[in-house]
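Hello,

Here is the structure I promised to pass on. Please open it alongside this note, and then read on for what turned up.

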Amino acid sequence: MHFALDQAQTEFGRTVDRMLGGADTPRAVRAWARGQHAPGRAVWDRLAGAGVTSLAVPEAYGGVGPLPVELGVAYVAAGRHAVPGPLAETAAAAVLLAALAGDGAARAGRAAADWLPRIAGGRALVTLAVAEAGPYALDADAADAVLAVEGEELRLAPGHGPVQPSFDPARRLARPLPGGEPLARGPAVAAAAAHAADWAAFATAALALGTGLTLVERTAAYAGQRTQFGRPIGSFQAVKHRLADALIGLEFARPLLYGAAVALASKPAADARKEVAAAKVAAGEAAYTAARTALQLHGALGYTDEYDLSLWIRKARALRSAWGSPSICRARVLAP
């Protein structure tokens with residue numbers, strides 16, 4: 001099956017990419033890593049202005065979604081520019097709240113009516129921790145709300161614990177505090193949380209794909225400028241092969257990503273999960289390969305924190321494991 005974006009979707013991706021190109025995201029990422037969120041929130045305001053924050057929110061709550069294909073397009077652009085913050089988690093939280101409100105959970109319905117219009121308008125960042133995916137919530141210190149799912153209970157956490165160090169300093173991890181307001185209980189919570197986790201994995205795959213594309217593009221440009229033995233290193237066959245292998249991996253992941261988006265939009269949650277897992281492992285591994293290639297071909301520059309490329313290298317490694325490690329995703333693909 002051939003998964004190709006239509007003209008409107010392609011132009012939407014280009015618009016988001018151009019808009020983020022003028023946002024000075026490296027400065028926002030470095031500030032975010034220090035716990036200074038204002039520059040990053042300004043980037044989120046740009047995303048909201050382009051309609052990105054409304055893509056996972058149903059129309060009944062002021063959004064335009066759920067539109068997983070368009071969200072994938074936008075998040076690839078966000079990955080290309082290393083946008084900081086809980087992008088995948090905010091989208092997943094929107095899917096979770098909308099699903100539980102639709103199932104008739106009264107408190108979840110009130111929470112959806114409160115938070116979903118704010119998410120759609122870009123006025124709220126919401127992070128999500130699902131116990132099966134790990135104990136930490138991403139960027140809880142910057143989020144306006146921290147949702148936590150444990151078994152068959154969803155609660156609005158009263159805060160978060162200390163921020164833990166991460167391989168990617170801009171991905172700030174913290175445990176939600178116990179207690180808080182319970183929003184829903186029962187089997188519907190576990191089912192909705194699993195579906196929301198699939199959306200988070202899909203969004204993370206899109207971010208990883210965009211991250212890998214930037215790594216390859218910047219490394220190819222650098223290989224054309226750096227000389228060795230009187231020639232650009234990009235003219236050496238071994239360098240060409242490394243870059244080609246990295247790019248092929250990313251291009252192979254692209255149709256899996258959009259195939260997963262179509263599955264999320266049209267298939268039952270259990271059927272879509274395998275396609276999401278396939279996209280996640282392909283995009284995560286391809287981005288990680290691109291990061292290793294970029295690190296090696298840049299030489300000593302690749303290890304330098306002050307060099308902007310390090311922001312993408314670190315992010316690729318972190319996204320590879322977020323919302324489903326390669327081994328977990330492969331197990332989901334192979335499960336009967």
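Where is aspartate 24 found? Aspartate 24 sits in the loop between helix H1 (7–21) and helix H2 (25–33). I start there because most residues other than glycine have a negative phi, and most peptide bonds are trans. Aspartate 24 is not a glycine, yet its phi is positive, at about 50 degrees. Its relative accessibility is 41%, so aspartate 24 counts as partly exposed. Please keep in mind throughout that this is a predicted model.

Two further spots belong with that one.

- Phenylalanine 229 also has a positive phi, near 55 degrees, and is a residue other than glycine. It lies in the loop between strand E7 (227–228) and strand E8 (231–232). Phenylalanine 229 counts as exposed, because its relative accessibility is 74% and the cut-off is over 50%.
- Glycine 65 and proline 66 are joined by a cis peptide bond, with omega at about 5 degrees. Proline 66 lies in the loop between helix H3 (38–49) and helix H4 (68–80).

Now the whole chain. It holds 11 helices and 8 strands. The C-alpha atoms fill a box of roughly 70 × 45 × 35 Å along the principal axes. How does the radius of gyration of the chain agree with that of a compact globule? The chain has 19 Å, and a compact globule with 336 residues would have a value near 20 Å, so the two agree. Of the 336 residues, 53% are buried. Contacts with a separation of 6 or more were also sorted by distance along the chain: 70% of them join residues 24 or more positions apart. The accessible surface comes to about 14100 Å², and carbon and sulfur atoms account for 56% of that surface.

Next, the sheet. It is open and has 4 strands, in the order E1-E3-E4-E6, with mixed pairing. Which strands stand at the edges? They are E1 (126–130) and E6 (181–185). Each has a single partner strand, so one side of each is left without a neighbour in the sheet. From one strand to the next, the twist averages 20 degrees. Strand E4 (residues 153–156) pairs with E6 in the antiparallel sense, over 4 bridges. One detail of that pairing: leucine 154 has alanine 184, in E6, as its bridge partner.

Helix H5 (residues 87–102) packs on this sheet. It touches E1, strand E3 (145–150), E4 and E6. The direction of H5 makes about 75 degrees with that of E1. H5 has 16 residues and reaches 23 Å from its first C-alpha to its last, close to the expected 22 Å. Is H5 enclosed or exposed? Buried residues make up 14 of its 16, so H5 is largely enclosed by the rest of the structure.

Alanine 91 is a good residue to click on in helix H5. Alanine 91 is buried, because its relative accessible area is 4% and the cut-off is under 20%. Leaving out residues up to four places away in sequence, alanine 91 touches Ala56, Leu71 and Tyr75. Lysine 267 is 176 residues from alanine 91 along the chain, and their C-alpha atoms are separated by 19 Å.

That is the handover.

Best wishes

Notes. Residues numbered from 1 in each chain as written. Predicted model: local features only at pLDDT ≥ 70, side-chain atom pairs only at ≥ 80, totals over all residues. Heavy atoms only, no water. Pairing = 2+ DSSP bridges. Helix = DSSP H or I, 4+ residues; strand = E, 2+ residues; numbered from the N terminus. Axes fitted to C-alpha atoms, helices over the stretch in contact; angles between N-to-C directions. Contact = heavy atoms within 4.5 Å. Rg over C-alpha atoms; globule rule 2.2 N^0.38 Å. Buried < 20%, exposed > 50% of the residue type's maximum accessible area, 1.4 Å probe, protein only. Areas by Shrake-Rupley, 256 points an atom, 1.4 Å probe, with all protein chains shown as cover. Expected span 1.5 Å × (residues − 1).
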